[in-house]
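Subject: Structure handover

Hello,

Here is the structure I promised to pass on. Please open it first, then read my notes below.

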Amino acid sequence: MGKILQDMVRKGVIASIKGPHGGFFLHRPANEISILEVVRLIDGLEAFKKCGMGMKQCSDKHPCPLHDEIKVYRDHLLQVFRDKTIQSLVDDVKTGKYFIKNQPEPVLNG
């Protein structure tokens, strides 16, 4: 996690301060940082280009049997990541409709 955060500091998405009261903070307003930008910095965008069946030559002109169906979902996810910002995620959680903490697992008796 530290390496990812340091990489994001180098790329200007977040900043850091050392010391007992230091930490990481956003370098730009949260409404200017898309989820796609964060994904691009951490994992790259290759997942939005790869073939769903693992073929190297899959494309619109040379599609695999799953190409058209997977492309619809991949393109939609790409658009969601492009449209959503860090601020929109924060706002969604603040409404109470969405959560970023796991619920405890129910205990089953017997």
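V13 is a good place to start in this predicted model. Leaving out residues up to four places away in sequence, V13 touches M8, L26, H27, R28, I33, E37 and L41. V13 also belongs to the largest nonpolar core. That core has 6 residues: M8, V13, I14, I33, V38 and L41. Another core lies apart from it, with 5 residues. Among them are I35, L36, V39 and F48.

I35 deserves a closer look. You will find I35 in helix α2, residues 35–42. The relative accessible area of I35 is 15%, under the 20% cut-off, so I35 counts as buried. Which residues does I35 touch, not counting those up to four places away in sequence? They are F81, K84, T85, I86 and L89. I35 can also be paired with D83: the two are 48 residues apart in sequence. In space, their C-alpha atoms are 7.8 Å apart.

T85 is next. T85 sits in the loop between α3 (67–83) and α4 (86–94). Is T85 buried or exposed? T85 has a relative accessible area of 14%, and buried means under 20%, so T85 is buried. With neighbours within four places in sequence left aside, T85 is in contact with A30, N31, I33, S34 and I35. Two of these names have come up before. I33 is part of the largest nonpolar core, and I35 is part of the other core.

Now the strands. β1 covers residues 14–17 and β2 covers residues 23–26. They run antiparallel, and 4 bridges join them. A15 stands opposite F25 in β2. The hairpin of β1 and β2 has 5 residues between the strands. In this hairpin, G19 takes a positive phi near 115°.

Last, the surface. Which residues form a nonpolar patch there? M1, I4 and I42 do, with about 310 Å² of accessible area together. M1 is found in the segment before α1, which spans 2–10. The relative accessible area of M1 is 73%; exposed means over 50%, so M1 is exposed.

If you want a route through the model, begin at V13 and its contacts. Go on to I35 in α2, then to T85 in its loop. Finish with the hairpin of β1 and β2 and the patch of M1, I4 and I42.

Best wishes

Note on methods:
Residues are numbered from 1 along each chain as its sequence is written. This is a predicted model: local features need pLDDT of at least 70, side-chain atom pairs count only at pLDDT 80 or more; totals for chains, interfaces and linings use all residues. Side-chain values use heavy atoms; hydrogens and water are left out. A nonpolar core is a set of buried Ala, Val, Leu, Ile, Met, Phe, Trp, Tyr and Cys residues joined through side-chain atoms within 4.5 Å. Buried means under 20% relative accessible area, exposed over 50%, partly exposed in between (1.4 Å probe, protein chains only). Contact means heavy atoms within 4.5 Å. Patches are made of residues with over 30% relative accessible area and no salt bridge: like charges are joined within 9 Å, nonpolar side chains (Val, Leu, Ile, Met, Phe, Trp, Tyr) within 5 Å. Accessible areas come from the Shrake-Rupley method with a 1.4 Å probe; for residues, only the protein chains shown count as cover. A salt bridge is a side-chain nitrogen of Lys or Arg within 4 Å of a carboxyl oxygen of Asp or Glu. Helices (H or I, at least four residues) and strands (E, at least two) are DSSP runs, numbered from the N terminus. Two strands pair if DSSP finds at least two bridges between them.
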